[in-house]
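Work through the exercises below with the structure open. Each task is followed by a solution in steps.

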Amino acid sequence: MPVTGPDFVSLQVRDLAASQAFYKRYLGLERSPAGPPHAVVFTTTPIAFALRDLVEGTDLDASQPGLGVALWLHATDVQQIHDALVADGHAIAVAPFDGPFGRTCTLVDPDGYLVTLHDRA
């Protein structure tokens, strides 16, 4: 049987509570009641997005977390999210610009993952 496409995305994080707070505050993600105790699963669609404790042997300080992986999330107001992050002193890797995927920018999350937001569905 062929693979039909992505179904779940999870990032390993240093501090689960801090990362959950970041994604809730700035991206508006809400925690799903489902999920194991070592993870926070958000109610995202069409693909589930989660954060989880570090797996033994994982060292996020050894290199850029997620190097080589592109994580894009759809947002309804990229500029507003960008402005709130900047106002609170968070890093932005790519400033907002208008392109084929609408208003787009890339933020740096608390663990150093690059997350691109875009507003065109």
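The model is predicted.

**Exercise 1.** Find the bridge partner of Ser10 in S3, and place the two strands in their sheet.

Solution. Ser10 has Ala50 as its bridge partner in S3. Strand S3 covers residues 48-53, and its pairing with S1 is parallel, over six bridges. The open sheet has three strands in the order S1-S3-S2, and the pairing is mixed. S1 (8-13) and S2 (39-42) are the edge strands, each pairing on one side only. From one strand to the next, the twist averages 20 degrees.

**Exercise 2.** Check the length of helix H1 against the span expected at 1.5 Å a residue.

Solution. H1 has twelve residues, 16-27. The expected span is 1.5 Å times one less than the number of residues, so H1 should span 16 Å. Its end C-alpha atoms are 16 Å apart, which agrees.

**Exercise 3.** Sort the residues of H1 into a buried side and the face turned away from that side.

Solution. Count a residue as buried under 20% relative accessible area and as exposed over 50%. The buried residues are Leu16, Ser19, Gln20, Phe22, Tyr23, Tyr26 and Leu27. Viewed down the axis of H1, they fall within an arc of 160 degrees, so they line one face of the helix. The face turned away from the buried side carries exposed Ala17 and Arg25.

**Exercise 4.** What caps the N-terminal end of H1, and how does H1 run relative to S3?

Solution. Asp15 is the cap, with a side-chain oxygen 3.2 Å from the backbone nitrogen of Ala17. Just after H1, Gly28 has a positive phi of about 75 degrees. H1 lies across S1, S2 and S3, and runs at about 150 degrees to S3.

How values were computed
Residues numbered from 1 in each chain as written. Predicted model: local features only at pLDDT ≥ 70, side-chain atom pairs only at ≥ 80, totals over all residues. Heavy atoms only, no water. Helix = DSSP H or I, 4+ residues; strand = E, 2+ residues; numbered from the N terminus. Buried < 20%, exposed > 50% of the residue type's maximum accessible area, 1.4 Å probe, protein only. Arc of directions from axis to C-beta. Polar contact = N/O pair within 3.5 Å; in protein donor to acceptor, adjacent residues only side chain to side chain. Pairing = 2+ DSSP bridges. Axes fitted to C-alpha atoms, helices over the stretch in contact; angles between N-to-C directions. Contact = heavy atoms within 4.5 Å.
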